[in-house]
Amino acid sequence: MMPEHCFLGFLVSVFLTGVLGAQPAHESLKPQRVQFQSRNFHNILHWQPGRALMGKSSIYFVQYKMYGERQWKSKEGCWGIQELFCDLTNETLDIQEPYYGRVRTASGGSHSGWSMTQRFIPWWETKIDPPVMNITQVNGSLLVTLCAPNLPYRDQKGKNISMENYYELVYRVFIINNSLEKEQKVYEGANRIVEIKALAPRSGYCAVAEMYQPTLDRSSQRSEESCVEIP
């Protein structure tokens with residue numbers, strides 16, 4: 001059996017032969033649904049096999065560019081791959097600039113044309129995770145500590161950069177009195193440490209939190225519930 005690295009090298013050579021004109025491009029081979037999916041600025045290009053490739057072996061080639069650039073750049077780690085995704089986080093670091101990605105495939109001695117994404121602007125399109133929340137019971141009150149998700153970027157000292165560096169963030173905290181099964185919003189603002197007072201003694205409370213981006217009028221999903229008993 002041919003070793004995997006030799007097999008991939010063989011397929012790449014087949015692709016290059018196709019590029020040089022040995023076989024025409026086939027529309028039915030073109031990758032489908034090519035799109036960026038972004039969470040906390042982890043920008044991943046995803047696609048699906050072409051109609052003629054369902055269940056068949058093929059390899060994929062990824063390129064990207066910033067809007068306005070003339071030349072496409074090949075993604076070295078995604079050139080001749082078998083996966084249906086490619087991490088372009090480090091190639092899309094200027095989060096307010098528009099980018100494009102494109103993918104083509106080679107299979108059985110034939111190659112496809114390129115399938116391109118729509119324009120992708122990370123700052124507008126990334127989805128943010130809910131805040132990390134920790135609650136403790138202190139003298140009959142709840143002390144809620146909130147933290148925005150970290151990004152894949154680091155500052156000059158090597159520390160993770162927070163989402164707060166790029167967006168105005170509003171934290172929202174909700175509590176649920178377990179005995180009444182009633183939810184109440186108890187805080188909305190920019191503070192990351194919130195004290196919730198005036199709670200009923202000998203009661204159980206659960207808290208959840210979310211983040212709101214006023215500029216984009218967009219909310220994160222809610223955090224998981226965290227529960228405590230008030231003595």
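Biologist: How much surface does the protein chain expose, and what share do carbon and sulfur atoms supply?

Modeller: The protein chain exposes about 13200 Å², and carbon and sulfur atoms supply 48% of that. Accessible areas come from the Shrake-Rupley method with a 1.4 Å probe; for residues, only the protein chains shown count as cover. Please keep in mind that this is a predicted model, where local features need pLDDT of at least 70, side-chain atom pairs count only at pLDDT 80 or more, and totals for chains, interfaces and linings use all residues. Residues are numbered from 1 along each chain as its sequence is written, and side-chain values use heavy atoms, with hydrogens and water left out.

Biologist: What makes Glu210 and Arg172 a salt bridge?

Modeller: A salt bridge is a side-chain nitrogen of Lys or Arg within 4 Å of a carboxyl oxygen of Asp or Glu. For Glu210 and Arg172 the N to O distance is 3.1 Å, so the pair meets that definition. Glu210 lies in strand E16 (residues 203-213) and Arg172 in strand E13 (residues 170-177), so the pair ties together parts that are 38 residues apart in sequence. Strands here are DSSP runs of at least two residues, labelled E and numbered from the N terminus.

Biologist: Why is Glu210 called buried or exposed? And Arg172?

Modeller: Buried means under 20% relative accessible area, exposed over 50%, and partly exposed in between (1.4 Å probe, protein chains only). Glu210 has 10% relative accessibility, so Glu210 counts as buried. Arg172, at 15%, counts as buried too. Of the 231 residues of the protein chain, 45% count as buried.

Biologist: Which residue does Arg222 form a salt bridge with?

Modeller: Its partner is Glu210, with the closest N and O atoms 3.7 Å apart. Arg222 lies in the loop between strand E17 (218-219) and strand E18 (226-230), and Glu210 in strand E16, so the pair ties together parts that are twelve residues apart in sequence. Arg222 is partly exposed, because its relative accessibility is 36%. Salt bridges that share partners join Arg172, Glu183, Lys185, Glu188, Glu210 and Arg222 into one network.

Biologist: How do you know that Glu188 and Lys185 form a salt bridge?

Modeller: Their closest N and O atoms are 2.6 Å apart. Glu188 counts as partly exposed because its relative accessible area is 39%, and Lys185 is partly exposed at 43%. The whole structure has nine salt bridges.

Conventions:
Helices (H or I, at least four residues) and strands (E, at least two) are DSSP runs, numbered from the N terminus.
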